[in-house]
Amino acid sequence: MVCGLYRVAERRPTSVEFEISQQGGEVEGRLLLRFWDDAKDVVFASECALWTTKADGSSLQEKMPLRNPVWRFFHELASWWLLDSGVRYLVDLSMDED
C-alpha cells in the first residue's frame, strides 16, 4: 500500500500496476507505471484511468478530481515541479561523476 491510496495490483519486470481506491470514496481506478528501452534512451511512462458510478450504475463524471480547474492547476503545478527538480537532480549527479 502506498500513501493509503495505491495498492499494487500486478508487478511485471518493466511495469507496476496500482489499484486506486479511496476508503468510503466514490473514485476508483488504475495507475500503470512502466519503462522500456528505446535505442540509447530509457522511456518512462505513466497511465491513469479513473471512474466513478452513481447508485443507479450510471457514470458520475463531475466527481472526477482533475475535472475541477483548481485541483487540475495544482496537479499540473506539482507535476511540473517534480519533473523540473528530478531533471536538476539527475544533471547534478552527472556533473558529480565528471
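The dialogue below reads several features of a predicted model, one at a time.

User: Where should I begin, and which helices and strands does the chain contain?

Analyst: A careful reader begins with the secondary structure, and in this predicted model the chain has 1 helix and 4 strands. Following the sequence from its start, these elements come in the pattern β-β-β-β-α.

User: How do I read the way strand 1 and strand 2 pair?

Analyst: The points to look for are the sense of the pairing, the bridges and the connection. Here strand 1, which covers residues 6-12, pairs with strand 2 in the antiparallel sense, and the pairing runs over 6 bridges. As one example of residues facing each other, tyrosine 6 stands opposite isoleucine 20 of strand 2. The connection from strand 1 to strand 2 is a hairpin of 2 residues.

User: Is serine 15 buried or exposed, and what is it in contact with beyond its neighbours in sequence?

Analyst: To judge burial, one compares the relative accessibility with a cut-off, and a residue under 20% counts as buried. Serine 15, which belongs to strand 2 (residues 15-21), has 8% relative accessibility and therefore counts as buried. Once neighbours within four places in sequence are set aside, serine 15 is in contact with Glu10, Leu32, Leu33 and Arg34.

User: What share of the chain is buried, and what share of its contacts join residues far along the sequence, at least 24 apart?

Analyst: These are totals for the chain rather than for one residue. Among its 98 residues, 10% count as buried. If one takes the contacts between residues at least 6 apart in sequence, 12% of them join residues at least 24 apart.

User: How many aromatic pairs are there, and how is each one described?

Analyst: An aromatic pair is read from the distance between ring centres and the angle between ring planes. A search of the whole structure gives 2 such pairs. One of them joins phenylalanine 35 and phenylalanine 44, whose centres are 6.0 Å apart and whose planes make an angle of 35°, a tilted arrangement. The other pair, phenylalanine 73 with phenylalanine 74, is edge-to-face, with 5.3 Å from centre to centre and 70° between the planes.

User: How exposed are the residues of these pairs?

Analyst: Over 50% counts as exposed, and values between the cut-offs count as partly exposed. Phenylalanine 35 is partly exposed because its relative accessibility is 34%, whereas phenylalanine 44, at 67%, counts as exposed. Phenylalanine 73 is partly exposed at 49%, and phenylalanine 74 is partly exposed at 48%.

User: What does the surface of the chain consist of, and which residues make a nonpolar patch?

Analyst: The chain exposes about 8300 Å², and carbon and sulfur atoms supply 57% of that area. A nonpolar patch of about 530 Å² is made by Trp80, Leu83, Val87, Val91 and Met95. One of these residues, valine 91, lies in helix 1, which spans residues 69-97, and its relative accessible area of 38% is why it counts as partly exposed.

User: Which value of phi does alanine 39 have, and why would a reader pause there?

Analyst: The general idea is that most residues other than glycine have a negative phi. Alanine 39 has a phi near 60°, which is a positive value in a residue other than glycine. Alanine 39 sits in the loop between strand 3 (27-38) and strand 4 (41-52), and at 79% relative accessibility it counts as exposed.

Definitions and conventions. Residues numbered from 1 in each chain as written. Predicted model: local features only at pLDDT ≥ 70, side-chain atom pairs only at ≥ 80, totals over all residues. Heavy atoms only, no water. Buried < 20%, exposed > 50% of the residue type's maximum accessible area, 1.4 Å probe, protein only. Contact = heavy atoms within 4.5 Å. Phe/Tyr/Trp six-rings, centres within 6.5 Å; stacked < 30°, edge-to-face > 60°. Pairing = 2+ DSSP bridges. Areas by Shrake-Rupley, 256 points an atom, 1.4 Å probe, with all protein chains shown as cover. Patch = residues over 30% accessible without salt bridge, like charges linked within 9 Å, V, L, I, M, F, W, Y side chains within 5 Å. Salt bridge = Lys/Arg side-chain N within 4 Å of Asp/Glu carboxyl O.
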